[in-house]
Amino acid sequence: MSKLRVLVVGLGNMGMSHALAYTRIDGYEVVGVCTRHIDKVQLPEALQGAQKFSDFDTALKTLKPDVVSINTLPDTHAPYAIKAMEAGAHVFVEKPMALTVEDAEAVVATAKRTNRKLVIGYILRQHPSWIKFIEIARELGTPLVFRMNLNQQSNGETWSWHKRLMDSFPPIVDCGVHYVDVMCQMTSAKPVKVHAIGAKLTDEVAKNNYGMLQVQFDDGSVGWYEAGWGPMVSETAFFVKDVFGPKGSVSIVMAETAGAVKSDDINAHTKTNQILRHYADMSRPDERIDMTDEPGHDDLCEREQRYLLKAINEDIDLTDHMNDGVKSLRIVLAADESIHSGQVVAL
């Protein structure tokens, strides 16, 4: 079988990780890379054979790729994805896949109409530890209580990147889609309403760099998620992933020595270390499930691209995957709306 020819668009932290992931997978060939300032990018050896472009439309027309990997800023995700699928390419697009629910629905509709595969960059869906975390949560009964956050004390280059991201979205939206998606996988119930608050802690950005949402589901499940970015953010309790229900609780526990893990370390955002399970009836002692051999960030990027390859080669139906992407985006955008209106938003 001939290799799928890949165009990688965006070569930031995530884009470069995905670009290199394709080079490690038999079945892909990176034929082109594209970023606005391509002349300033020093490509690693594995990508030296790729053609270089500074304009997406030119790259798409010139290469006619089989796969387009979109890792740009969020405001380009939807238009690039639609153009790529209209041109006949399958698409991997980093989260969030659009700036609005309507645009996200248009992306999904295009995938269905063109019969192209669309995989959204929900990296936790490929993580064995998070898969286990969700599996245990589903055994805890109904309703469930979700408590999650990811606050990042970002400085220097990381803070500069966060400020660029906030040209499109506040952190409660950009990061929130991951963890709201996790909540939605834990309960099959329908989200019904969202309330949120936020704060802008610096004049360096126009949007709130802190936010906290509360979401309620129609089975009685409730949850909160908070996210803050910036040099002022506390590293105390920056990583909370905790769920409980009638039958007990399950939590992700950072097992390292206090202070050893930094909140802006991208590997720490997926790393679990241990899963702690508690039984409400005390029939068994608490369990600590060791996850020290779990995959790192680059390995997870590779798993995402292997999933896309499998979906293409085996014609896997991605309808639920795409619809879930729209659902999680709908919830976090409702949270942003709630912050600005001061009202509870019905879904």
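**Sheets, helix packing and enclosed space in the predicted model**

N115 lies in the loop between α4 and β6. In this predicted model, the phi angle of N115 is near 60 degrees, a positive value in a residue other than glycine. Two further backbone features occur in loops. The peptide bond from K95 to P96 is cis, with omega near -20 degrees, and P96 belongs to the loop between β5 (90-93) and α4 (101-114). A cis peptide bond also leads from T142 to P143, where omega is near 0 degrees; P143 is located in the loop between α5 (128-137) and β7.

The strand β6, which follows the loop that holds N115, belongs to an open sheet of six strands. The order in this sheet is β3-β2-β1-β4-β5-β6, and the pairing is parallel. β3 (51-53) and β6 form the edges, each pairing on one side only. Neighbouring strands of the sheet are turned against each other by 20 degrees on average, direction ignored. At one end of the order, β2 (residues 28-34) and β3 are paired in the parallel sense over three bridges, and Q51 in β3 is the bridge partner of G32.

A second open sheet is built from nine strands, with the order β14-β13-β12-β11-β7-β10-β9-β8-β15 and mixed pairing. Its edge strands are β14 (287-290) and β15 (345-346); each has a single partner strand, so one side of each is left without a neighbour in the sheet. At the β15 edge, strand β8 (residues 191-199) and β15 run antiparallel and are joined by two bridges. One bridge pairs K193 with A346 in β15. Helix α10 (residues 319-341) packs on the sheet in this region, where it touches β8, β9 and β15, and its direction makes about 50 degrees with that of β8.

Towards the opposite edge, strand β12 (residues 248-253) and strand β13 (residues 274-279) run antiparallel, joined by six bridges. Within this pair, I252 stands opposite I275 in β13. β13 in turn pairs with β14 in the antiparallel sense over four bridges, and the bridge partner of Q274 in β14 is D290. Another helix, α8, lies across β7 (145-149), β9 (210-217), β10 (222-228) and β11 (241-245), and runs at about 160 degrees to β7.

The packing of α1 and α9 was examined next. Two packed helices are described by the angle between their axes and the distance between the axes. For α1 and α9, the axes come within 8 Å and cross at roughly 60 degrees, and the crossing is right-handed. On the α1 side, the contact is made by M14, S17, H18, A21 and Y22, and on the α9 side by H297, D298, C301, E302, E304 and Q305. By character, the residues of this contact divide into four nonpolar, four polar and three charged.

Space within the model was then considered. Rolling a probe the size of a water molecule over the atoms shows where empty space is left. The largest pocket has a volume of about 1400 Å³. It is lined by 49 residues, of which G12, N13, M14, W161 and L165 are the closest to its centre. One of these, M14, also takes part in the contact between α1 and α9. The helices α1 (13-23), α3 (77-86), α6 (156-165) and α8 (176-186) each supply at least two residues of the pocket lining. The largest share, six residues, comes from α6. The lining comprises 18 nonpolar, 20 polar and 11 charged residues.

A search of the whole structure finds one cavity of 30 Å³ or more. The volume of the largest cavity is about 40 Å³, and its lining is made up of V119, I120, Y122, R125, Q126, E304, Y307 and H321. β6 (118-120) and α9 (297-313) each supply at least two of these residues. Four of the lining residues are nonpolar, two are polar and two are charged. E304 thus appears in the cavity lining as well as in the contact of α9 with α1, and β6, which contributes to the same lining, is an edge strand of the six-stranded sheet.

Methods. Residues numbered from 1 in each chain as written. Predicted model: local features only at pLDDT ≥ 70, side-chain atom pairs only at ≥ 80, totals over all residues. Heavy atoms only, no water. 1 Å grid on protein atoms, 1.4 Å probe; cavity = no way out; pocket = protein on both sides within 12 Å on 5 of 7 lines; lining within 4 Å. Points joined across faces, edges and corners; volume = space filled by probe spheres on them. Nonpolar A, V, L, I, M, F, W, Y, C, P; charged D, E, K, R; others polar. Pairing = 2+ DSSP bridges. Axes fitted to C-alpha atoms, helices over the stretch in contact; angles between N-to-C directions. Contact = heavy atoms within 4.5 Å. Left-handed = near helix turned anticlockwise from the far one by under 90°.
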